[in-house]
Amino acid sequence: METTSGKAGAPPRWGMASLSLAMLLASLGTSIANVALPELSRRFGASFQQVQWVVLAYLLTVTALIVGAGRLGDLIGRRRLLLSGMALFAAASLLAAWSPWFGGLVAARAVQGAGAAVMMALSMAFVADVAPRDAIGRAMGWLGTMSAVGTALGPSLGGALIAACGWRSIFLLQAALGAAAFALARRCLPEAARPARGRLGGFDLAGTALLALAASAYALAMTAGHGRFGALNAALLAAALCGGALFVWRQRRAAEPLLRLEMMRDPALSGGMAMSALVAAVMMVTMVAGPFYLARTLGLGMAAVGLALSAGPLVSALSGLPAGAAVDRFGAQGVMRAGLAAMLAGAAALSLSPPAWGVPGYLAPLLLLTVGYAQFQAANNTQVMAGSDASRRGLVAGLLNLARNLGLVTGAAAMGAVFAAATGTDQLATAAPEAVARGMHVVFAAAAGLIALALAISLGGARRQALAAAAGDR
């Protein structure tokens, strides 16, 4: 098992600061490039479908590599790999900033995504090494806050930088922040003794490749076709299913599998992953339906729509630390159920809110939904990570992040399809206000159903744990 010892002169809060910066950077990398797509399309003469790969290359690489990155950190040392991931992110950001051709920019974004996968997985896995045991909930909540800040800050910060200094500046900023994260982590994160397995021979490369194939094919199946499910989507989905089946076959036969399948019998891990995917899918509804409802039904201008949409990430950022403190004080199970109940109430209210209630009628339940999400994230991450074996924390963190990412892409596709079907048209930008309102009510009713399912999983997992504990006491 990996052991750690603090570095002299580097208090734990500075170690958490380096992890927080890593999480902020990984999330910022997801959102900051979106605002640059029109400018990149003009500069490189790329079509809309082509320029989308600036975003997709990053997201797909993160999704494909995050589990393998977590497991590799368990084997060769989390500190060593985290530093490598930060350096890779910074170097790829520089390459993206100075790429003279569009293909090079997309390739640099893919490499940047590889660095982000390492930072996302190992920042969570490292928490137990730098935070006191009675403050792990707050530490997880703080990482959630940094993720929300990065996502919310990206569009506004990117827009300001592009207007002032051009599109290259957004990547130069990421390079500078990546270098700062590397320097801080190198100085402040605790040194790690060589892991007991400390060698690449225990790394399941074939299993990692198959999981990456399955996850990438699934993500592409959900995002290709711009909302229309066609032959390409079906082929990609078939590839994902084949890749998943081959991955399971490989794990059953490998001497050193990436994922020991018996781990999935743990209700905390399997339930945590399922709930994380469901909740992430629900949060995508706010991004899918919200802008159209605010613009078409409530008649807001683009500036007001952007301001309204920023309320959710802002509240999520402010709620992360209090949610983590509540986990430390009251326990993960209770806070998780309270968070899911708040999300259920918020989604149900949005499914019933009449347009006559205006912006307050949308924002009040949205903020309740968002506060509940922050509570759920802090509690679920704390419960799953606290119950994981120290030698597999990186793997478990990668699995949680994978479930969340797949939930996001599924939510964008499936809930977007529900919204369009309930609206009665795929031309949402010109749909009638009452049709958009109907679509919003239907899609948030579906979201409430997903949250109810997550709540049932939480209650069922708690019941199974209680029965197991009672049986052990006999």
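In which hand does H4 pass H9? Select both helices in this predicted model and view the place where they meet: H4 passes H9 in a right-handed crossing.

**Stop 1: H4 against H9**

Display residues 53-76 for H4 and residues 205-223 for H9; their axes come within 8 Å and cross at roughly 145°. Next, show the side chains that make the contact. On H4, select Trp-53, Leu-56, Leu-60, Thr-63, Ala-64, Val-67 and Gly-68. On H9, the partners to select are Thr-208, Leu-211, Ala-212, Ala-215, Ser-216, Ala-219, Leu-220 and Thr-223. Colouring this contact by residue class gives 10 nonpolar and five polar residues, with no charged residues.

**Stop 2: H4 along its length**

Keep H4 and hide H9. The end C-alpha atoms of H4 are 32 Å apart, in agreement with the 34 Å that its 24 residues should span at 1.5 Å a residue. Centre the view on Leu-65, where H4 bends by about 45°. With the surrounding chain restored, H4 proves to be mostly covered, as 21 of its 24 residues are buried. Then step past the end of the helix to Gly-77, which follows H4 and has a positive phi, near 115°.

**Stop 3: Tyr-58**

Return to H4 and select Tyr-58, which has its place in this helix. Is Tyr-58 buried or exposed? Tyr-58 counts as buried because its relative accessibility is 0%, below the 20% cut-off. Now show what surrounds Tyr-58, setting aside residues up to four places away in sequence: it touches Leu-25, Ala-26, Gly-29, Thr-30, Phe-89, Arg-109, Gln-112, Gly-113 and Ala-116. One of these contacts, Gly-29, is suitable for a distance label: Tyr-58 and Gly-29 are 29 residues apart in sequence and 8.0 Å apart in space, C-alpha to C-alpha.

**Stop 4: Ala-46**

Move to the loop between helix H2 (37-44) and helix H3 (48-51), and select Ala-46 there. Although Ala-46 lies in a loop, it counts as buried, with 8% relative accessibility. Leaving aside neighbours within four places in sequence, the residues in contact with Ala-46 are Ser-41, Val-51 and Phe-102. For a longer view, add Leu-184: Ala-46 and Leu-184 are 138 residues apart in sequence, and their C-alpha atoms are 38 Å apart in space.

**Stop 5: Phe-247 in H10**

Select helix H10 (residues 231-253) and find Phe-247 within it. Phe-247 is buried, with a relative accessible area of 7%. Not counting residues up to four places away in sequence, Phe-247 touches Gly-207, Leu-210, Leu-211, Leu-258 and Leu-259. Leu-211 is also among the H9 residues in the contact with H4. Adding Pro-257 gives a pair 10 residues apart in sequence, with Phe-247 and Pro-257 at 9.8 Å, C-alpha to C-alpha.

**Stop 6: H11 and its kink**

Select residues 267-297 to display H11, a helix of 31 residues. From its first C-alpha to its last, H11 reaches 42 Å, close to the 45 Å expected at 1.5 Å a residue. Where does the kink in H11 lie? Centre on Ala-289: a kink of about 40° lies there, shortly before the proline Pro-291. H11 is mostly covered, with 22 of its 31 residues buried.

**Stop 7: From H12 to H13**

Select Val-327, which has its place in helix H12 (residues 302-330). Val-327 is buried, with a relative accessible area of 5%. Its contacts, not counting residues up to four places away in sequence, are Gly-137, Ala-332, Val-335, Ala-378, Ala-379 and Thr-382. The C-alpha atoms of Val-327 and Ala-17, 310 residues apart along the chain, are separated by 20 Å.

Finally, select helix H13 (residues 332-352), whose 21 residues reach 30 Å from first C-alpha to last, close to the 30 Å expected at 1.5 Å a residue. Colour the buried residues of H13: Ala-332, Gln-333, Val-335, Met-336, Gly-339, Leu-340, Ala-342, Met-343, Gly-346, Ala-347, Leu-350 and Ser-351. Among them are Ala-332 and Val-335, which Val-327 touches.

How values were computed: Residues numbered from 1 in each chain as written. Predicted model: local features only at pLDDT ≥ 70, side-chain atom pairs only at ≥ 80, totals over all residues. Heavy atoms only, no water. Axes fitted to C-alpha atoms, helices over the stretch in contact; angles between N-to-C directions. Helix = DSSP H or I, 4+ residues; strand = E, 2+ residues; numbered from the N terminus. Left-handed = near helix turned anticlockwise from the far one by under 90°. Contact = heavy atoms within 4.5 Å. Nonpolar A, V, L, I, M, F, W, Y, C, P; charged D, E, K, R; others polar. Expected span 1.5 Å × (residues − 1). Bend = angle between axes of the 7 residues up to and from the residue. Buried < 20%, exposed > 50% of the residue type's maximum accessible area, 1.4 Å probe, protein only.
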